[in-house]
Amino acid sequence: MRPYTAQPEGPSPFPSAGGPQAAAELELRNVSKRYPGAASAAIEDLSLTVPAGEICVLVGPSGCGKTTAMRLINRMIDPSGGDILLEGRSVLNRDPSELRREIGYVIQQVGLFPHLTVADNIATVPKLLGWKRARTASRVDELLELVGLREVQGIAGRYPAQLSGGQRQRVGVARALAADPPLMLMDEPFGAIDPINRERLQDEFLRLQEQVRKTVVFVTHDIDEAIKMGDRIAILREGGHLAQYDTPQDLLTHPADEFVAQFVGADRGLKRLGLTRLDEMQLEQVNGGPVPKDRIAASTTARDALSRMLTAGGGALAVVDDDDRVQGIVTVDLVTELLRDPSA
Amino acid sequence: MMLAAAPQVVIPNFGGNPHSCVRENHTICWGWLRDNWSGTLWPALRDHVELTLIAIGIGFAIALALALLAHRHDRVEHPVSIVTGIIYTIPSLALFQVLVGIRAFGLSRTSVEIALVGYTLLILFRNTLLGLRGVPSEVVEAARGMGLTRRQILWKVEMPLALPAIVAGLRIATVTIISLATIAAFIIDQGLGAPIRDALNNGLFKTELYAAAALAVALAILADLVLLALQHALTPWDRRDR
């Protein structure tokens, strides 16, 4: 573990935990799972590779086998066929308990231990691994900081019943990260949280991921969450068939078939606009010309900008940076252009 | 027994020279209590605690083993429930007599303890199993997912979380056994049942009867409070008042 350096001046709720840490490539190779007596397979010949440090979202309608696929990875269930490789090494001939200690695991209901304090919950895997007391204690402290809970007075000594839903979920993430695992499995981790807090937790997790750079397998049934969280998205359909495995941009631009097109929604064009921020676009330059008096922040997505322009009657907006300096002008045409350009 | 006998008819032998309070069988004779505490009541109380502790200790060990087995193998639950349930319903006097009739046991402490242990099993088994089954499935799922072994899940997660239910069972069983153990006096001259029996045989000698009964009640209440305090100490997370 890297030594932790505090950065009290940082405004971010996640001060640096010390740069990127080890992540592992994950490969599923022709994996299948059939339950005895079941008419069809739960997973059928599933192959996909998640590059180290990326978030892969498994998404699909209920019964598509996305949770099953995830649980195969840490051997909560064993596959009927195929192989699963973590950093090139098969997980199938490893001791399941030892394997799971190297894989962070977050579930929707969190499953914190009600009889242990927040600190002891987070320390679970380090204790299993026989870490020294002092090392465990400083790691717990570091993780509380990482998930933005350290400023909550006395949080380490509280029991789960004394926490809010969002706090519990943050502790769950901290607990999964405790032993610095190269891979994280997250099964609908924000599914039980109200929409406003869910969005906050999603944003926090993405910021956290920028620091820890884990390989993450993230299961959800919500395509919007998938598009937001995923570096890559695997859309599964009934029977664990992989319908498409692509980046969010490619998935929205070129859905592989009718099923995918329908699943991502008729508004997939708008969803694509949601992936691009104004500061990533080729804006119209001012060049001494007139500047629209309505302003919009450069960090806004093209989708939200379009919504503003349409609401305001189609007028152009001045795009400004954090210091209120005008960066350029965005128009409805420019945004439409974004959709027409297949390389966007 | 002649419970209905008038006090004047039977002249009890209280050994020596009884106070007038004892002769006239007043409700409470403090002098008698003072004179007989160390010779009669205290030994009876001490034996009573011993009878209870042994019964609860052995009963809990057996019930815990059965509950752990039933927790892992569902099919164990039904037969264990039936057998312990039947034992529980046997009238205690009858059970004592049956055990006394077995040559190996006879009029011994063993007979008494076997019967008392038998009565603890249903309560302790049921409560322990319910406690283990009451552990939220997502907690066990998370524990497995983090790499706890089956044994670690049982001892570090399931048992601590089952503690409130287990202690609840211990409380009921303990109070039940403290009450039941008075009947042991029909077999052995031990426990608070002995002075009660003697008081009944001595023309319903009130002081001894009330004193022994009060001690049994006080013991039951104290035991219950001690177990409750123990549960509070062991389960700091399970406080409603937070």
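Two strands pair if DSSP finds at least two bridges between them. Strands (E, at least two residues) and helices (H or I, at least four) are DSSP runs, numbered from the N terminus. Keep both terms in mind for the tour.

This is a predicted model: local features need pLDDT of at least 70, side-chain atom pairs count only at pLDDT 80 or more, and totals for chains, interfaces and linings use all residues. Residues are numbered from 1 along each chain as its sequence is written, while chains are lettered from A and ligands numbered from 1 in the order in which they are written.

**Stop 1: the sheet in chain A**

Select β2, β1, β4 and β5 of chain A. In that order they form an open sheet of four strands, with antiparallel pairing. Start with β1(A) and β2(A), which five bridges join. Click Leu26(A): its bridge partner in β2(A) is Val50(A).

Now go to β4 (residues 81-86) of chain A. Five bridges join β1 (residues 26-33) to β4(A). Here Glu27(A) has Leu85(A) as its bridge partner. Leu85(A) also has a bridge partner in β5(A), namely Ser90(A). Two bridges join β4(A) to β5(A).

Which strands stand at the edges? They are β2 (43-50) and β5 (89-90) of chain A; each has a single partner strand, so one side of each is left without a neighbour in the sheet.

**Stop 2: a helix in chain B**

Select α5(B), residues 109-133. The helix has 25 residues and reaches 36 Å from its first C-alpha to its last. That is close to the 36 Å expected at 1.5 Å a residue, where the expected span is 1.5 Å times one less than the number of residues.

Zoom in on Leu121(B). There α5(B) bends by about 35°; the bend is the angle between axes fitted to the seven residues ending at a residue and the seven starting there.

Is α5(B) mostly covered or uncovered? It is mostly covered: 20 of its 25 residues are buried. A buried residue has 20 or more other C-beta atoms within 10 Å of its own, with C-beta atoms placed from the backbone.

**Stop 3: the nonpolar core**

The largest nonpolar core (buried Ala, Val, Leu, Ile, Met, Phe, Trp, Tyr and Cys residues joined through C-beta atoms within 7 Å) has 130 residues. Helix α5(B) gives the most to this core, with 12 residues.

Click Leu116(B), one of the residues with the most contacts inside this core. Leaving aside neighbours within four places in sequence, Leu116(B) is in contact (C-beta atoms within 7 Å) with residues including Leu51(B), Ile177(B) and Leu180(B).

Terms used: A residue is buried if 20 or more other C-beta atoms lie within 10 Å of its own, exposed if 12 or fewer, and partly exposed in between; C-beta atoms are placed from the backbone. Two residues are in contact if their C-beta atoms, placed from the backbone, lie within 7 Å.
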